[in-house]
Amino acid sequence: MLMTELLLVFCLVGAAGALHKQWIPDTNYENKTNWDREAVPCGNDIAHFPAQRKVSVFVETTHAVLEMRLPVDGEFILNSGAGFYVVRGKDPGCGAGVTTKFRDSEPLRWFNPALWQAAASLEDLQRGNFLYSVHEESVPCLQDDVVFKAHSSFSMDTGSGQSGVSVKSVSVLGKKFESRSEFYQYLSSRSGQLQFQGPSAVTVGNQECGDPSGCDCGNSVNRQQICNTITCDSPSCKKPLHPAGHCCGVCGAIVTIRYAAGFNLQTYSQRIHHLFLILPKYKHIQLGMSKVFKSQRLMGVIPFGTSPEIQVVIVDGEKGPQSEGLARDILTDARSHASNLGIAGAEYLTSSGSSSDQTGGGAGMVVGVVFGVLIMITIVVAAAVLIRKGIVRIPSSLPSLGSLMRSSDVGDLDGSIDHGFDNPIFDRPNMLPDIPGVYGAAANHSISMTQTGVHFVNPVYDDSETDLNA
């Protein structure tokens, strides 16, 4: 019980900052799983290494062998006092003697989540206090310290990622590399070339996470390589969940927390432990907490960026589905103490199909609608300004507003057009009196009717203008 509680608290405390991630496999001579007969060769045996295998083998103690067949390219890293010797005659404790082959397997992949163990500190790695994480975060993240066991060697394929592999530090054979140039020199050495194989370069020197709300792992760009190493089991639940950063469906619950200023991931994770995970009913639960980035969509359709959220993944343990109860407890606590914790909203979804209403969901929807309206207004105003300045022109095939209005005024309305009242002077030119000297012979041409209206010449204005010119 105590060990389970320690495991859970360290899991949550480590979520806020850098973790220590340790490579599990090794190429040690003393590891019986590295031999095809599942036994370390002894004095009557022949130790056989495949000729074409490039391997770095760590030898911790002395060993007796009858014969040793070495590869063309490889190395033994001997611990202090370690070595080999040949027994004269028969080794009484060895048996009849066999040929034992060192397993000829391809270098294991850096991006395989099953080959890493994560802990909050080196002490936790030694105690076995390992953490649960989604697949992308099981592989070393940008801010993590990578650890290879001190008395151990290995052979790994660093993958084919174009971006390479970048971490905070790497510890090999008890030496910690934090300087990029110093680690590059080690990679150029014979041991480095045998241990780190593959086209992707491993670099160190990244900074620790300085954001109290946590930092992005940075492995989303390597998702395809990570998921290619995973074989997913068939979930036992009806509606498996798919957490961000995970390659397979899981049975349990996902709590999504939207945070505001003042939120601290480490403080909040400690709160979750002290309030809930110490309870006996939740002791078989696996819980991982991390910062993820969720895609945002305007009106639910148009993508316009991402927003950071805290994802709490709760996986059901061996005692059956208990994740929904824990998710409900976490959500109730978030709603009750949102302002003090810096939580803007929260929701959960379970593999049984149940879900919660979003805390602050109404406010979020209002903000979304207002934001959408402001964008539409901005687009309309910008278009009007561009058209007014002549930067954007309306196609000539489209009628203007003025022409549409005129067309509606003088169009065929299936009847005569009402011109208002008759003006006997201007509407009927032949009724003008024949006043010599005023209209003269041009009277018949002083008034004209066109489609757009009636026009006339003012003879008084014209005569006066003639006199002044004279």
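**A walk through the salt bridges and one nonpolar patch**

Start by selecting Asp333 and Arg271: their side chains meet in a salt bridge, 2.8 Å from N to O. This pair links distant parts of the chain, with Asp333 in helix α8 (residues 323-336) and Arg271 in helix α7 (residues 265-277), 62 residues apart. Switch on a surface and compare the two partners. Asp333 is buried, at a relative accessible area of 8%, while Arg271 is partly exposed at 24%. Keep in mind as you go that this is a predicted model.

Now zoom out for a moment. You're looking at 12 helices and 23 strands, built from 470 residues, of which 39% are buried. Take the contacts between residues at least 6 apart in sequence: 66% of them join residues at least 24 apart. As for the outside, the protein exposes about 27,100 Å², and carbon and sulfur atoms supply 55% of that.

Back to the charged pairs. Side chains of opposite charge can pair when their charged atoms come close. How many salt bridges are there? The count comes to 11, and a few more are worth a click.

Next, select Asp144 and Lys21, whose side chains form a salt bridge at 2.8 Å, N to O. Asp144 sits in the loop between α3 (135-138) and β11 (145-147) and Lys21 in strand β1 (residues 20-23), so this pair ties together parts that are 123 residues apart in sequence. Are these two partners buried or exposed? Asp144 has 3% relative accessibility and counts as buried; Lys21 is buried too, with a relative accessible area of 1%.

Now jump to Glu182 and Lys175. Their side chains also meet in a salt bridge, this time at 3.1 Å from N to O. Color by accessibility here: Glu182 is partly exposed, with a relative accessible area of 31%, and Lys175 is partly exposed as well, at 40%.

For a group instead of a pair, select Asp145, Lys168 and Glu208 together; a network of salt bridges links them.

Last stop: leave the charges behind and select Leu374, Ile377, Val381 and Val385. Together they make a nonpolar surface patch of about 340 Å². Where does Ile377 belong? Its place is in helix α10, which covers residues 361-388. Residues need over 30% relative accessible area to join a patch, and Ile377 is partly exposed at 47%. Show the surface over these four side chains, and you have the patch in view.

Key: Residues are numbered from 1 along each chain as its sequence is written. This is a predicted model: local features need pLDDT of at least 70, side-chain atom pairs count only at pLDDT 80 or more; totals for chains, interfaces and linings use all residues. Side-chain values use heavy atoms; hydrogens and water are left out. Helices (H or I, at least four residues) and strands (E, at least two) are DSSP runs, numbered from the N terminus. Buried means under 20% relative accessible area, exposed over 50%, partly exposed in between (1.4 Å probe, protein chains only). Contact means heavy atoms within 4.5 Å. Accessible areas come from the Shrake-Rupley method with a 1.4 Å probe; for residues, only the protein chains shown count as cover. Patches are made of residues with over 30% relative accessible area and no salt bridge: like charges are joined within 9 Å, nonpolar side chains (Val, Leu, Ile, Met, Phe, Trp, Tyr) within 5 Å.
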